[in-house]
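Colleague: I am new to reading models like this one. Can we take it step by step, with short questions and short answers?

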Amino acid sequence: MRGEVDEINTRKLMNLWIAEGFVPMRGEVTPEEAAEDCLEELIQRSLIHVGKRRLNGGVKSCYIHEQVRSFIISEARNSKFFEVCKKIHCTTPLIPRRLSFHHHVINDHTSQRLSSSHLRSLICFSTECLAQKSLDSLIQGSKLLTVLDLEGLCGINELPRKIGRLIHLKYLSLRRSSITRLPKSIGKLANLQTLHLRNGHIDRIPHPVWKIRQLRQLYTGMVLNASMGVGQLTNLQTLDTREASGCSKGVDLRKLTQLRKLKIHFRTTFDLELMPFSYHSYLYKMFLIGSLNKLPKETKLYPPNLMELRLSDSALEADPMPILQEFPNLRNLQLLSSSYVGTNMACSSNRFLRLGSLTLSDLKQLEELKLEEGAMPGLMSLEIIKCPQMRVLLHGLLHLKNLGQVKLRLINPQLLEDFESSEGE
């Protein structure tokens, strides 16, 4: 439970809600979609406040006011719904169903007073809130645990083998933790839905993990290849990996037809024609990092309902706009960090009809972006960062009637002056 000052990532919050069973399901919507509806309702009621928004207008982080937080904690403590412990030595008996720890508070003394048999959720907000012996004890006694969030935890190198006994566990996060190894028994977590390993020290995923059919969210920072059996995760909604190799044949990703979000960092130059996404009708968000041979001209090779696309370090030599402008549902486009190494971009008339947000960042060779009249009619947000060679006012920019937010940073001073003068006309 965080306070007003500390914002929480909404994606994480919604995954926690889903794991706890707090999200009521309606009709044929996915749990993730239902969680977004719940979040929006709480925002509308001013019980939750927006912290930061994404470029597409979605809520990236949120918080609650301190007074509301204090009231919630008090009521939850009385009903034993959850307990927040901040003191170095908690002195009251702890028999909660959900527990969040701040600072180094779980020691042998605390463990003796903690009845873990009723514990459903354990969340750490400190790098030193838990020792190896205490973790072993908690896992052994918390057979009803559904959420185990050890994000940022230091001083522990491995999870206990007995974690495989937590058959109700749905959410496991080891993000930014010091844990270096996962036991094979993790494959027994048949109900696991979210596994978060990014920005940590784990360099290998035990093979039994690929048999967890309920897994929906996988965030990992290690190399994935076709021999790992990723394709067995047929319910996977989100795949986020910082590196990937051996996927050029597309053996695994082709089978993941339920994917909604995909982020891959390619280790070597990648050819998109070897891994078509035409059958990924649910895939609406892609982030591709690494060198690409080229963008295939055939739009049928791309996800048919792609709404958000981010490219970084792609080193594309040909203008990508003639291809990207043919994506009928594209709403958010971000070309980042040398994704394009050419000098000119041109958007044709009556293209990018649904695009609402465009970001060009760190395109060091880009000199001109030309928009023909009728291109990007719905663009509301434009951001240009670190494009030092751009010296020409964005042709067609003044025709964009819906453009309400323009951010120009670290660009040629003359371009900024020309744009500011055009705004005054």
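Colleague: Along strand S16 (residues 344-347), which side chains point to one face and are buried?

Modeller: Strands here are DSSP runs of E with at least two residues, helices are runs of H or I with at least four, and both are numbered from the N terminus. Buried means under 20% relative accessible area, exposed means over 50%, and partly exposed lies in between (1.4 Å probe, protein chains only). Side chains alternate along S16, and Asn344 and Ala346 point to the other face and are not buried. The buried ones are Met345 and Cys347.

Colleague: What kind of model is this, and how are its residues numbered?

Modeller: This is a predicted model, in which local features need pLDDT of at least 70, side-chain atom pairs count only at pLDDT 80 or more, and totals for chains, interfaces and linings use all residues. Side-chain values use heavy atoms, leaving out hydrogens and water, and residues are numbered from 1 along each chain as its sequence is written.

Colleague: Where is confidence highest in the protein?

Modeller: pLDDT is the predictor's confidence in each residue, from 0 to 100. Its mean over the protein is 85, and 86% of the residues reach 70 or more. The lowest confidence is in helix H4 (residues 108-113), at a mean of 52. The highest, at 97, is in strand S15 (residues 332-336).

Colleague: Which residue in S18 is the bridge partner of Met345?

Modeller: Two strands pair if DSSP finds at least two bridges between them. S16 and strand S18 (residues 368-371) are joined by four bridges and run parallel. In S18, Met345 has as its bridge partner Leu369.

Colleague: Which are the edge strands of the open sheet with the order S1-S3-S2?

Modeller: This sheet has three strands, with antiparallel pairing. Edge strands pair on one side only. Here they are strand S1 (8-9) and strand S2 (49-53).

Colleague: In S3, what is the bridge partner of Asn9?

Modeller: S1 and strand S3 (residues 59-63) run antiparallel, joined by two bridges. For Asn9, the partner in S3 is Ser61.

Colleague: How many residues does the second, separate core have?

Modeller: A nonpolar core is a set of buried Ala, Val, Leu, Ile, Met, Phe, Trp, Tyr and Cys residues joined through side-chain atoms within 4.5 Å. The largest core has 93 residues, and Leu150, Leu172, Leu333, Leu358 and Leu360 touch the most other members. The second includes Ile8, Met14, Leu39 and Cys62, and its residue count is 15.

Colleague: Why does Cys62 count as buried?

Modeller: The cut-off is under 20% relative accessible area. Cys62 counts as buried because its relative accessibility is 2%.

Colleague: How many disulfides does the structure hold?

Modeller: A disulfide is a covalent bond between the sulfur atoms of two cysteines. The test is a pair of cysteine sulfur atoms within 2.5 Å. The number held by this structure is zero.

Colleague: Where is Arg176 placed?

Modeller: Most residues other than glycine have a negative phi. Arg176 is not a glycine, yet has a positive phi of about 55°. Arg176 is partly exposed, because its relative accessible area is 44%. Its place is the loop between strand S8 (171-173) and strand S9 (194-196).

Colleague: Which loop holds Asn199?

Modeller: Asn199 is not a glycine either, and has a positive phi of about 60°. At 32% relative accessibility, Asn199 counts as partly exposed. Asn199 is in the loop between S9 and strand S10 (217-224).
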